[in-house]
Amino acid sequence: MKKREHRETVVAYVCLAPALILAVVFMIVPMIMVFYISFSNWDFVNPVKNFVGLKNYVYIFSDEKFLKSIRNTLYFAGVKIPLDLVISLFVAVLLDKKIRMKKFYRVSYFAPVVTPMVAVALIWIWLFDPTFGPFNQILSFVGLKPLKWLYDPNWAMPSVILFSLWKGLGYDIIIFLAGLQSIPTHLIEAAYIDGANSRQAFFKVTLPLLSPIVYFVVLMGIINSFKVFTQISVMTPRGGPLYSTGVMVFYIYQQAFENYRMGRASAASLVLFCMVIALTQIQKRLGRKSVEYS
Amino acid sequence: MKRFLLVALVVFLTITALSVEIVFWYPLSGSKGQVFKELVARFEKVYPDVKVKLVYTGKYSDTAQKVVSALATKSLPNGGIIPAGPIFTGAYGNYKILEYIESDSEFNMSDFYEVGWDYAKYKGKICAIPYNISTPVLIYNKELMAEAGLDPSKPPETWAELLEYAKKITKDLNDDGEPDVWGLNIKDTPWIFKAMLFQNDCGIIDSNTLTPLFDGPKGVEAATFWKKLVDEKAMPVGMHNLADKQFMSGTLGFYMGSSSRIGKWSGKLPFEVGVAFLPKMVKRAIPIGGAVLVLFPHSKAEDDAVWKLIKWLVSPENLGEFCIMTGYIPIRKSVLEVPKVRKFMEENPNYRVAFEQMKYGRAYWHFEQMGTMDALLYEYLDKIERGVLTPEEAMKEAAEKLRKEIES
């Protein structure tokens, strides 16, 4: 009996090995390396990594661009996550109703999610064009003053957020749809029988039952928003007007591959890592109180 | 029969043993990449003992990144067309190519423009060979010039004239307070600003001590003129990424950017395109840019093969053909004497401008913080244009930051 158990363990490890080895080589080791490099002055040109203590951390925290990149990241996440949550839930509820051409709507909301980021970002640059772009034509049609969108320090970030919302909406809609369809109809029917109107049924029955889904969407939202990079780099090269769209990952990229300062880049990565860990922990605490499982 | 087979085998084995395979990286895409591939294919026919494995490495920034990781992992190719090449060779003590240049009596160094060699140096020593070089040029829309009452055959000679002409072209068509046709736009702001500095007799960086020189009165003067360009509505604020689009749509009078646009636009746009030297301030000067040929030492046989390839690529005839087909600027004087090139310049006067401008070329030796310097210039020109800092404050701050970066 014991021998068989032992053999099973061995088999389990052998089966896990390919995944484990990959994870160790490409994730765990680099993570430890980042920690180590963040205390060194490695710059690619010099193969020697000298220990410099907290110098990189002192540098990034006194660099106005890094502090701005933290603010920009919080701005992006703070505006995008709530909007994304409300809009995708709203659309999911609508798509859950018995409407015509439901499949067509589902496909059209999901299409942006599967199209390559760079390709659609390039198209949106054209949409945002201050002279010929359709967005400005709509604005002038409604009688509003045209905007400079990506070329205005105040509007560059909202423009990127608008694009990112459109790009990511479909994913959250699908998650919410799955959640909505897993709610047993008899619970909602019971609420109606007890005299609830549709708004009460939604807020008192559907939403509490959806809370694990909301929790998941917010968690993924935080992680994805903090590591936003591609659209920033494509739509607003060099961090946009007055660095108004320079987010943390973009700052890390610049330090590593423009300035060849791996130490600073690693230090900034660790700060980002700690921020995401802290936020998810806070969310976990809050979630424990409010998430209900049926 | 058996004997024949044996002989054939021996011959085959000796050929394989004698032939060398080298890995060569290049960052040219599309038709430019095709031209380069064909050139190398021809080289292989002339030298059957060398096999060249060409690897496309993406655009300049991607290629530089790949070299960086190859350096860290010791998986460098034998050579390549590498942007910022001297930083990846000279900085590591790799001056191998200089040994070849000096020991090969067939190689005529003095035929290259001096500025090309400056561009291929690290700490004053040659460690690369200039290859695909571009210069900034002034490209203009002749129709818009004529509409503004200017003579399209007389492009501006000085920056003051350019400002005056550009102001005449800028127009607000729909009265929304925002001009729709602009006089001037500059694609690569750090590059053109460096041209302005050189032209104002202001150094950019002291090559020996690596001290930034652009925060002196002459640099501030250039920055002040830059501000004037936006203040007087000759140039839009911060919309430099749109310059290409604006020019192609016929809503931009003067475009300043890489000479590589000449081939893309001449005769292909619905209006007539003119090309001129960059205007001057106190003198003419053109900062050159591009990528260089480098050699990463491996074995003697492989290095010899790389040198063979490099020498072949920069021979006047082959270089001439490369330049005609791609629009890069010849870095050897004798290329302009090649009959094919002469004919090409006669037929394409717009290219002639870019080719001839090379004599005003200026460059500084490569140094590690070059990219940082350009990023800083971009950032602070943006701040000047948007009025966040005065030209003087901006130049002082940018130079100070660069100084700190170089020291640390």
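The dialogue below asks how labels such as buried, salt bridge and interface are earned in this predicted model.

Student: What makes E379(B) and K65(A) a salt bridge?

Tutor: The closest N and O atoms of E379(B) and K65(A) are 3.0 Å apart. The rule asks for a Lys or Arg side-chain nitrogen within 4 Å of an Asp or Glu carboxyl oxygen, so the pair qualifies. K65(A) and E379(B) also belong to a salt-bridge network that includes K383(B).

Student: How many salt bridges does the rule find across the interface of chain A and chain B?

Tutor: The rule finds 6 across that interface. Over all chains the count is 35.

Student: Which elements give two or more residues to the side of chain A that touches chain B?

Tutor: They are α2 (55-62), α3 (64-96), α5 (117-127) and α11 (248-258) of chain A. The largest share comes from α11(A), with 3 residues. By class, this side of chain A has 17 nonpolar, 3 polar and 11 charged residues.

Student: How many residues does each chain bring to the contact, and what area is buried?

Tutor: Chain A brings 31 residues and chain B brings 35. The area buried between the two chains is about 2,700 Å², with 54% of it from carbon and sulfur atoms. The size of an interface is often expressed as the accessible area that is lost when the parts come together. The rule also finds 10 residue pairs in polar contact across the interface of chain A and chain B.

Student: Why is R332(B) called buried?

Tutor: Its relative accessibility is 8%. Buried means under 20%, so R332(B) falls in that class.

Student: Where is R332(B) found, and which residues does it touch?

Tutor: R332(B) is in the loop between α14 (316-326) and α15 (339-347) of chain B. Leaving out residues up to four places away in sequence, R332(B) touches N108(B), D111(B), F112(B), Y113(B), V314(B), S315(B), P316(B) and L319(B).

Student: What makes the approach of R332(B) to V314(B) a polar contact?

Tutor: The side chain of R332(B) reaches the backbone oxygen of V314(B) at 2.8 Å. The cut-off for a polar contact is 3.5 Å, so the distance meets it.

Student: What makes D49(B) and K308(B) a salt bridge, and where do the two residues lie?

Tutor: Their closest N and O atoms are 3.3 Å apart. The limit is 4 Å, so the pair counts. D49(B) is in the loop between α2 (30-46) and β2 (50-56) of chain B, while K308(B) is in helix α13 (residues 300-313) of chain B. The two are 259 residues apart, and the pair links distant parts of the chain.

Student: Are D49(B) and K308(B) buried or exposed?

Tutor: Neither label applies. D49(B) has 32% relative accessibility, and K308(B) has 30%. Buried is under 20% and exposed is over 50%, so values in between are called partly exposed.

Student: Why do D118(B) and K121(B) get separate labels, given that they meet in a salt bridge?

Tutor: The salt bridge rests on an N to O distance of 3.6 Å, whereas the labels rest on accessibility. D118(B) is at 22% and counts as partly exposed. K121(B) is at 14% and counts as buried. The line falls at 20%, so the two values land on either side of it.

Student: What does the salt bridge of E157(B) and R284(B) tie together?

Tutor: E157(B) lies in the loop between α7 (142-147) and α8 (159-169) of chain B, and R284(B) in the loop between β10 (273-276) and β11 (286-287) of chain B, so the pair ties together parts that are 127 residues apart in sequence. The N to O distance is 2.9 Å. E157(B) is partly exposed, at 41% relative accessibility.

Student: What is found between domain 1 and domain 2 of chain B?

Tutor: The two domains bury about 1,500 Å² between them, 61% of it on carbon and sulfur atoms. The rule finds 0 salt bridges across their interface, but 8 residue pairs in polar contact. On the side of domain 1 that touches domain 2, α16(B) gives the largest share, 6 residues.

Definitions and conventions. Residues numbered from 1 in each chain as written. Chains lettered and ligands numbered in written order. Predicted model: local features only at pLDDT ≥ 70, side-chain atom pairs only at ≥ 80, totals over all residues. Heavy atoms only, no water. Contact = heavy atoms within 4.5 Å. Buried area = accessible area lost by both parts, 1.4 Å probe. Polar contact = N/O pair within 3.5 Å; in protein donor to acceptor, adjacent residues only side chain to side chain. Helix = DSSP H or I, 4+ residues; strand = E, 2+ residues; numbered from the N terminus. Nonpolar A, V, L, I, M, F, W, Y, C, P; charged D, E, K, R; others polar. Buried < 20%, exposed > 50% of the residue type's maximum accessible area, 1.4 Å probe, protein only.
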